[in-house]
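I opened this one up to see what sits in the middle and what sits around the ligand. My notes follow, in the order I looked things up.

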Amino acid sequence: MILNEDEMNAYGRKLGRSLVPGTVIALVGDLGAGKTTLSKAIAEGLGVTECVTSPTFTILCEYRTGRLPLFHFDVYRLDDPEEMENIGYEDYFYGNGVTIVEWADKIEELLPKDAIVIRIDSGKNPWERSLTAPSIAE
Ligand SMILES: Nc1ncnc2c1ncn2[C@@H]1O[C@H](COP(=O)(O)OP(=O)(O)O)[C@@H](O)[C@H]1O
Ligand SMILES: [Mg+2]
């Protein structure tokens with residue numbers, strides 16, 4: 001899928017509307033690929049816009065007021081996957097909310113087998129991104 005930013009946001013919102021409890025979305029792509037942009041669009045689709053930064057963990061931001069709780073991890077600065085253990089990641093990944101992980105390839109071994117993996121690569125033009133992702137029925 002080749003998407004401009006509007007199409008990326010539309011895809012994210014549609015994905016957000018379709019999500020069921022217990023889903024983990026693994027976002028993979030370089031700095032500036034559009035992982036945060038897509039995360040915000042997914043949040044919008046779930047009916048939330050503002051995340052509340054966790055007082056204890058800087059890599060986790062929680063959205064609590066939507067259709068489902070949303071846990072947004074950005075593991076870019078994670079030095080050791082063991083830190084995820086300290087956060088108690090399993091409660092989030094295998095709970096009743098939705099989890100989004102930016103830089104998911106850094107914690108690949110911790111991802112559930114059924115995680116939705118979305119890869120964002122640069123496109124031909126600066127405003128385009130190539131998305132390797134499941135299509136969403138609606
Ligand atoms: N098609 C596109 N999809 C998503 N973002 C795009 C697109 N084209 C340009 N951009 C821009 O690319 C940047 C992506 O930044 P961000 O979402 O923070 O990336 P990441 O979280 O992957 O580092 C934003 O400034 C956004 O406006
Ligand atoms: Mg980001």
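These entries go from the core to two helices, the ligand, and then a few single residues.

**Entry 1: the core**

I kept in mind that this is a predicted model. I started with the largest nonpolar core, which has 33 residues. L27, I42, L70 and V101 have the most contacts inside it. Next I checked which elements feed this core. Helices α1 (5–18), α2 (35–45) and α4 (89–93) each supply at least two residues. So much for helices; strands β2 (23–28), β4 (60–63), β5 (70–74), β6 (98–102) and β7 (116–122) each supply at least two as well.

**Entry 2: helix α1**

I checked the length of α1 against what a helix should give. Its 14 residues should span 20 Å at 1.5 Å a residue, and the end C-alpha atoms are 20 Å apart, which agrees. Which residues of α1 are buried? I found M8, Y11, G12, L15 and G16. Looking down the helix axis, I saw these buried residues fall within an arc of 135°, so they line one face of α1. The general rule is handy here: an α-helix has 3.6 residues a turn, so residues three or four places apart point the same way. As for what covers the buried residues of α1, the list includes β1 (2–3), α2 and β8 (129–132).

**Entry 3: helix α2**

I moved on to α2. Eight of its 11 residues are buried, so α2 is largely enclosed by the rest of the structure. I wrote down the buried ones: K35, L38, S39, K40, A41, I42, A43 and G45. Their cover includes α1, β2, β4, β5, β6 and β7. Just after the helix I noted G47, which follows α2 and has a positive phi, near 95°.

I42 was worth a separate look, being among the residues with the most contacts inside the core. Leaving aside residues up to four places away in sequence, I42 touches G12, L15, G16, I25 and I100. G12, L15 and G16 were already in my notes as buried residues of α1.

**Entry 4: ligand 1**

How many residues surround ligand 1? I got 16, the closest being M8, G34, K35, T36 and T37. Both α1 and α2 supply at least two residues of this shell. The largest share, three residues, comes from α2. I also sorted the shell by class and got five nonpolar, six polar and five charged residues. M8 is buried in α1, and K35 is buried in α2.

**Entry 5: I25 and I116**

I25 lies in strand β2. Buried or exposed? With 24 C-beta neighbours inside 10 Å, I25 counts as buried. Beyond four places in sequence, I25 touches I42, T99, I100, I116 and I118. I followed one of those contacts to I116, in strand β7. I116 has 18 other C-beta atoms within 10 Å, and the cut-off for buried is 20 or more, so I116 is partly exposed. With the same sequence limit, I116 touches T23, I25, A26 and P134. I also took one distance: I116 and N86 are 30 residues apart in sequence and 24 Å apart in space, C-alpha to C-alpha.

**Entry 6: F71**

F71 is in strand β5. F71 is buried, with 23 other C-beta atoms within 10 Å. Its contacts, not counting residues up to four places away in sequence, are L60, E62, Y92, G97 and T99. Between the C-alpha atoms of F71 and V52, which are 19 residues apart along the chain, I got 9.8 Å.

**Entry 7: two loop residues**

A33 sits in the loop between β2 and α2. A33 is partly exposed, with 19 other C-beta atoms within 10 Å. Outside four places in sequence, A33 touches I120 and R129. From A33 to E44 I got 19 Å, C-alpha to C-alpha, with their positions 11 residues apart in sequence.

Last, W103, in the loop between β6 and β7. W103 is buried, with 20 other C-beta atoms within 10 Å. Its phi caught my eye: it is near 60°, a positive value in a residue other than glycine. Most residues other than glycine have a negative phi.

Notes. Residues numbered from 1 in each chain as written. Chains lettered and ligands numbered in written order. Predicted model: local features only at pLDDT ≥ 70, side-chain atom pairs only at ≥ 80, totals over all residues. Core = buried A, V, L, I, M, F, W, Y, C linked by C-beta atoms within 7 Å. Buried ≥ 20, exposed ≤ 12 C-beta atoms within 10 Å, placed from the backbone. Helix = DSSP H or I, 4+ residues; strand = E, 2+ residues; numbered from the N terminus. Contact = placed C-beta atoms within 7 Å. Expected span 1.5 Å × (residues − 1). Arc of directions from axis to C-beta. Near = placed C-beta within 6 Å. Nonpolar A, V, L, I, M, F, W, Y, C, P; charged D, E, K, R; others polar.
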